Amino acid sequence: MIAPGDEAGFASAIDTAAAARTPLTIEGLGSKTGFLRPTQTADTLSTRNFAGIPLYAPQELIITARAGTTLAAVEAKLDEGGQHVIAEPPQYAFLDAPDQTIGGIVAANLSGPRRIAWGAMRDHLMGIRAVTGRGEIIRSGGRVLKNVTGLDLCKLFAGSYGTLGVITELTLKILPKPEATGTVMIRGLRPDDAVRALSVALGSPFSVSGAAYLPQEAAMAVGFENTVTIARIEDFAASVSYRTEALAGLLKKFGPANILDTPASLTLWRAVRDAEPLPIQPGDAVWKISVRPSYGASILHAGHAAGLFGYLDWGGGLVFLTGPATDEAHAAVIAAARRAKGEWWLLRAPERLRLSEDAMPRIPPGLAAIRQRVVAAFDPAGILNPGRMFAA
C-alpha cells in the first residue's frame, strides 16, 4: 500500500504508475471496497495518511478538510460550532471499516435522508483539489459560497469513485444544527399507502426533511413491532412542535399518528441513515435503487417476491434491499429497477456477483462515448480504479 503524507507524494506515485501502466486501487480507509465491482490492481493508493482540517470558518459556513480526514473527525470539529454536514452522509452498518474518510464519501457521493430536502453531497461541495491520472495537481471551485472559479469539476469528481483522480482536499458548505427534531409516525400502513402518506407530507408547507417507510422486518430491526411510516421536521423547538402537530393532523386520514421527540427522532433517523433496518445475514447482498417515489412500493414488492427485504427512504425514491446473493435475486432487482426506469447500485456481495457487468446501470452508447473521452482526458493510461464502475 502507498499512503503519502502530502499532495506531492500522490502526484509522484501516480506519475510512476502511469509511466509503468500499473493499475492502482484508490481508497481512503477501504470502507467501501465492497461497493460496485472489484478492481484487479497491482497496488493500493490510500489517502489515510493525508488528513487534517486546514480551515474551519463557522461564520462563513465552510469547512476544508484533507481527503483522508475521517467523517468522525469532521463531525467532531463541526460540533464545536454547533454545525453539521448538510447532506447527512451515512455510515452504513455493512461497511468494511468502522469509519470512512470524507474524501471517500464525496467520491461515492453518499447522502442520507436529508438529501430529499437539501440535495446530494455534490450539491454542497464548494471546491476540490485532486491529482489526476496524469500525475497533475488540479483544483476547482474555491473556499467561498459564491464562487465561479474555472470549470465546475466538483460535481464531475463527486460520484466518480476515484476513476478520474484522487481527491486530496475538499471544501464543503455547512449549516447550523437544528435546535430540535420531531418525527410524525404512523404505524401499520402498507407500502402503497405509506408512499401516498409521505407524498402528502413532502407536499405540505411544513418543510419535511426526511420521509421513510419501514416494513415489518425492517421496523423490528430498530425496535418496532409493526410497519412505520415516518416524516421528520427539523428547526427551532417551537416551530418543530407546531409543525409536527399540524402535520399529524394533515396525515390523520391515513391513520393515528404519534409524535417522537428529539432524542427518539435522532436515534431513529440515524438508524435509517445508516441502513440499520436492513436484516442482513452473513453472505447477503445489499442493493440501493433510486426511482421515482411513486415506484418505490413496486420495488419493495418485487424484492419480496425474490426473497429480499428492505425499506424506503426519500419518500419512496430510495429503496434498500438485502437478501441472498444469488444471480436470480440480482436479476430480479435489475428487472424491477429497469421497469421503473430507475438506477441501482450493488453495495455488498461476494466477488463472484460483483464481477457482473451490471453492478450499476450501463450507460447508453452516446453517454458512454462522452464518458470515455472524459476518462481519457483525466486518466489516459487507465490506471485509476479500473473496472470499479464498469467492466474494463
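Helices here are DSSP runs of H or I, at least four residues long, and are numbered from the N terminus. The model is predicted. By this naming, α3 gives the most to the lining of the largest cavity, with 4 residues.

That cavity holds about 330 Å³ of space. Its lining comprises 25 residues. Ile26, Glu27, Gly28, Gly104 and Ala107 lie nearest the centre of the largest cavity. Three elements, β1 (24-27), α3 (102-108) and β8 (165-176), each supply at least two residues of this lining. By character, the lining of the largest cavity divides into 9 nonpolar, 13 polar and 3 charged residues.

The count comes to 2 cavities of 30 Å³ or more. The second largest cavity contains about 30 Å³ of space. Val184, Ile186, Ala197, Leu198, Ala201, Thr229, Ile230, Ala231 and Leu251 line the second largest cavity. At least two of these lining residues come from each of β9 (180-187), α6 and β11. The lining of the second largest cavity has 8 nonpolar residues, 1 polar residue and no charged residue.

Helix α6 was then examined along its length and around its axis. It covers residues 191-202. At 1.5 Å a residue, these 12 residues should span 16 Å, and the end C-alpha atoms are 16 Å apart, so the two values agree. Pro191, Ala194, Val195, Ala197, Leu198 and Ala201 of α6 are buried. Seen down the axis of α6, the buried residues fall within an arc of 160 degrees, so they line one face of the helix. An α-helix has 3.6 residues a turn, so residues three or four places apart point the same way. The buried residues of α6 pack against two helices, α8 (237-250) and α10 (296-305), and against the strands β10 (208-214), β11 (228-235) and β14 (309-313). Among the buried residues of α6 are Ala197, Leu198 and Ala201, which also line the second largest cavity.

The largest pocket was treated separately. It holds about 950 Å³ of space. In all, 34 residues line the largest pocket. Arg122, Gly159, Trp345, Met360 and Met389 lie nearest its centre. The elements α4 (115-118), α5 (154-157), β13 (284-290), β16 (343-348) and α13 (365-378) each supply at least two lining residues. The largest share, 5 residues, comes from α13. The lining of the largest pocket divides into 21 nonpolar, 6 polar and 7 charged residues.

Individual residues in loops and end segments were also considered. Gly34 lies in the loop between β1 and β2 (43-46). Its relative accessible area is 14%, under the 20% cut-off, so Gly34 counts as buried. Beyond residues up to four places away in sequence, Gly34 touches Asp96, Leu346, Leu347, Arg348 and Arg354. Gly34 and Leu318 are 284 residues apart in sequence, and their C-alpha atoms are 20 Å apart in space.

Backbone angles single out two further residues. Most residues other than glycine have a negative phi. Arg21 has a positive phi of about 50 degrees although it is not a glycine. Arg21 sits in the loop between α1 (7-20) and β1. At 58% relative accessibility, over the 50% cut-off, Arg21 counts as exposed. Asn385 also has a positive phi, near 45 degrees. Asn385 is found in the segment after α13. With a relative accessible area of 2%, Asn385 is buried.

Conventions:
Residues numbered from 1 in each chain as written. Predicted model: local features only at pLDDT ≥ 70, side-chain atom pairs only at ≥ 80, totals over all residues. Heavy atoms only, no water. 1 Å grid on protein atoms, 1.4 Å probe; cavity = no way out; pocket = protein on both sides within 12 Å on 5 of 7 lines; lining within 4 Å. Points joined across faces, edges and corners; volume = space filled by probe spheres on them. Nonpolar A, V, L, I, M, F, W, Y, C, P; charged D, E, K, R; others polar. Expected span 1.5 Å × (residues − 1). Buried < 20%, exposed > 50% of the residue type's maximum accessible area, 1.4 Å probe, protein only. Arc of directions from axis to C-beta. Contact = heavy atoms within 4.5 Å.
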